Amino acid sequence: MRNLGLFPKLAVQSIRNNRKFYFPYILALLGDVAAIYIMSALVNDPGVKNMTPGRPNAYMYVEVFMQIGMVIAFFFSAVFVCYINGFLMKQRKKELGLYNILGMGKGHIAIVLVVEALVVGAAGIGGGLLVGVLLHKLVSLLLHRMVKLPVPFGFFVSWKGIAGTALVFALLLLFTLLLNLNKLRGSNPIELLRGGNVGEREPKTRWLLTLVGIVSLGAGYYIALTTQTGIDAIMMYFVAVFLVIVGTYCLFTAVSIAVLKALRSNKKFYYKTSRFIGVSGMLYRMKQNAVGLANICILCTMVMVMLSGTLSLYLGTAEVIEKQYPGDINVRVVYNPDGESWGGDDEEPGEPFNPARMLEVQTGFVEGQGYKVLDTRTCLELGFGAGVLPDGSYTTDRFTEGTKGIVTITCITEDTYTAGTGEVLNLGPEETAAYGVKGETFTIHWTVPKGEELGQTTLQVVHTLKDNPIYSPMITDMVTLVVPDEAVLHELWARQAEVYGDDRSSINWYAYIDLENASEADLSALQETYGDYVYFPDEFYAGTGTWLSSSWELKSDGEADAYGMAGGFLFLGIFLGFIFLMATVLIIYYKQISEGYEDKERFEIMQKVGLSRGEVKRSIHSQILMVFFLPIVVASIHIVFDFNMVEKLLTLFYLHDTALTALCTLGTVLVFFAVYGAVYLMTAKTYYKIVER
């Protein structure tokens with residue numbers, strides 16, 4: 001064995017002979033490398049950094065999402081590569097054992113493994129970087145289209161991204177090589193020759209593990225179903241995910257065995273050719289199968305949750321923008337009806353805020369710059385926190401003992417409600433239309449925090465609103481009151497100001513201004529000019545009274561930020577979904593090949609004793625169908641229970657369209673079922689060829 005040129009030849013020949021195993025592995029490695037390089041290049045691309053001068057948020061979203069994506073993608077790539085490497089080593093034990101029997105020492109076999117790793121690394125990493133460089137521009141165009149931003153010119157190659165991606169994947173392949181060399185060092189030729197034929201003992205029914213699985217899964221589902229707000233969803237989402245993952249592994253491992261043993265005990269079901277072969281074969285390999293099926297189930301769930309959630313957010317962004325920014329220019333003024341300014345108790349109250357004069361100032365400035373105002377709308381809004389008492393009433397002593405939770409109470413006038421919905425309520429002096437109130441009356445106790453009650457207010461709920469007229473993120477439970485007029489709103493402000501003191505809320509006055517034929521550049525220039533004027537408040541705001549703060553928000557700016565965030569989420573969801581889907585398909589592929597080779601000898605024996613080709617085929621389909629669609633069915637059940645929590649998370653981004661989220665989820669599940677079915681047809685065909693050959 002002095003001819004060192006033999007070992008590289010053996011390595012290349014081995015890869016060629018085992019191409020049905022190595023080609024999907026190299027292809028998957030190539031795809032992972034390309035995806036991570038592209039995300040790295042997007043972070044470092046100067047064209048992306050300069051795509052929105054004056055709007056750093058757009059690049060910030062891209063940068064943050066791509067950095068998160070790189071970490072997640074590499075983590076799952078590492079798990080996936082280690083999984084496939086373990087499969088490859090298991091399939092090649094006989095080959096390596098034969099090398100050892102024929103006179104090759106472990107050192108020589110180690111050289112073969114090193115050369116194989118170099119070949120795989122060169123093909124996977126080198127090919128992935130080449131594909132990544134070629135596809136980077138196309139992906140960049142897609143990203144810019146998603147976030148609705150101008151496309152930068154030029155072709156960019158990130159040498160930093162190439163070096164970083166090559167380094168991390170080289171270290172990953174080095175780690176798997178060290179694992180293989182360590183296994184080789186501790187093995188002997190006989191073990192290697194027999195390694196692929198070592199079977200599993202019949203697993204025992206583990207009732208404790210079954211109980212743990214049921215409890216974990218039930219707890220995860222309960223958290224998902226009972227989540228009420230977006231903040232609750234953020235705090236509990238990963239807890240619920242962890243419980244569901246634990247429950248999934250436990251149930252696939254324990255319950256599947258119990259079910260198979262129950263089927264075996266049913267003589268009418270079990271003693272039929274296809275069922276006998278399928279059930280008996282699955283039972284003795286269930287330890288291995290259960291983990292693989294659980295992995296497939298979890299990956300399927302991840303793909304469907306990510307794609308459905310990000311697609312819902314992206315498709316709902318247009319509606320979010322229209323409701324969050326009703327006008328081309330959106331003015332917000334914060335004021336206190338008593339004329340108090342930021343000076344506090346030491347400053348004498350000024351003239352009360354004059355909304356009519358403020359609207360005149362705002363529209364006058366716009367028209368003075370040469371733009372035509374098409375329409376204006378105004379509204380008033382007051383919001384403050386309260387606690388829910390056991391009898392269904394509310395208290396401003398939010399943290400007193402006995403409260404059932406905290407809500408945000410938002411009050412708007414009937415004029416504001418009618419302007420937004422077109423519905424006329426004709427409310428009386430002590431009447432309200434309410435969202436989130438249970439019962440026919442709304443009662444709030446004006447109680448000083450940890451102090452005495454200063455009175456209470458009761459309004460008759462004459463209209464119960466099904467939808468919240470306030471478009472805001474669902475941070476806490478929401479209660480919205482529509483009151484008859486501005487006087488009632490000011491009275492409620494005075495009552496909450498009395499009990500909350502320095503912590504009182506102020507009133508928000510909004511003005512929405514629509515312009516004729518104003519471009520995004522015109523609006524940006526107008527806002528910049530407005531900023532110069534407001535440095536002289538006494539002159540510019542003369543006659544508007546006393547208020548606390550004033551701000552402008554442009555719909556165009558809000559649209560850029562919203563699509564930057566939603567498009568970034570969708571882009572990341574598609575990228576990670578691609579990686580997870582690729583992992584799912586290849587795990588299924590390798591699983592079916594592995595089982596095919598394990599079943600080959602059994603089916604050869606059965607054919608020799610009289611089993612027909614048709615019976616073999618029916619047996620194969622029976623076995624595959626029993627387990628193949630179980631992960632996707634369980635994943636779909638996970639999606640159903642997870643829907644409420646995902647919907648609440650989306651409310652943090654102002655998306656309240658349940659129907660849209662449901663349609664996106666249903667569409668994602670149906671498309672994924674179709675892809676999964678196509679994978680089934682391909683793997684079933686491969687499995688059949690192996691066992692029948």
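Visitor: How many nonpolar, polar and charged residues does the lining of the largest cavity have by class?
Guide: In this predicted model, the largest cavity encloses about 170 Å³ of space, and 14 residues line it, with Tyr22, Asn85, Leu113, Ala117 and Asn180 the closest to its centre. Divided by class, that lining has nine nonpolar, three polar and two charged residues.

Visitor: Which helices each supply at least two residues of the lining of the largest cavity?
Guide: The structure holds four cavities of 30 Å³ or more, and the lining of the largest one draws on several helices. Those that each supply at least two of its residues are helix 2, helix 4 (56-91), helix 6 and helix 7 (159-185).

Visitor: Are helix 2 and helix 6 oblique or roughly parallel to each other?
Guide: The axes of helix 2 (residues 19-44) and helix 6 (residues 106-146) come within 6 Å and cross at roughly 45°, and the crossing is right-handed. By class, their contact has 20 nonpolar, six polar and one charged residues. Angles under 35 degrees would count as roughly parallel, and helix 2 and helix 6 are therefore oblique.

Visitor: Which helix gives the largest share of the lining of the second largest cavity?
Guide: This cavity has a volume of about 50 Å³, and its lining consists of Val305, Ser308, Ile639, Asp642, Phe643, Val646 and Thr665. Helix 13 (286-315) and helix 22 (630-651) each supply at least two of these residues, but the largest share, four residues, comes from helix 22.

Technical notes. Residues numbered from 1 in each chain as written. Predicted model: local features only at pLDDT ≥ 70, side-chain atom pairs only at ≥ 80, totals over all residues. Heavy atoms only, no water. Axes fitted to C-alpha atoms, helices over the stretch in contact; angles between N-to-C directions. Parallel < 35°, antiparallel > 145°, perpendicular 65-115°, else oblique. Left-handed = near helix turned anticlockwise from the far one by under 90°. Nonpolar A, V, L, I, M, F, W, Y, C, P; charged D, E, K, R; others polar. 1 Å grid on protein atoms, 1.4 Å probe; cavity = no way out; pocket = protein on both sides within 12 Å on 5 of 7 lines; lining within 4 Å. Points joined across faces, edges and corners; volume = space filled by probe spheres on them.
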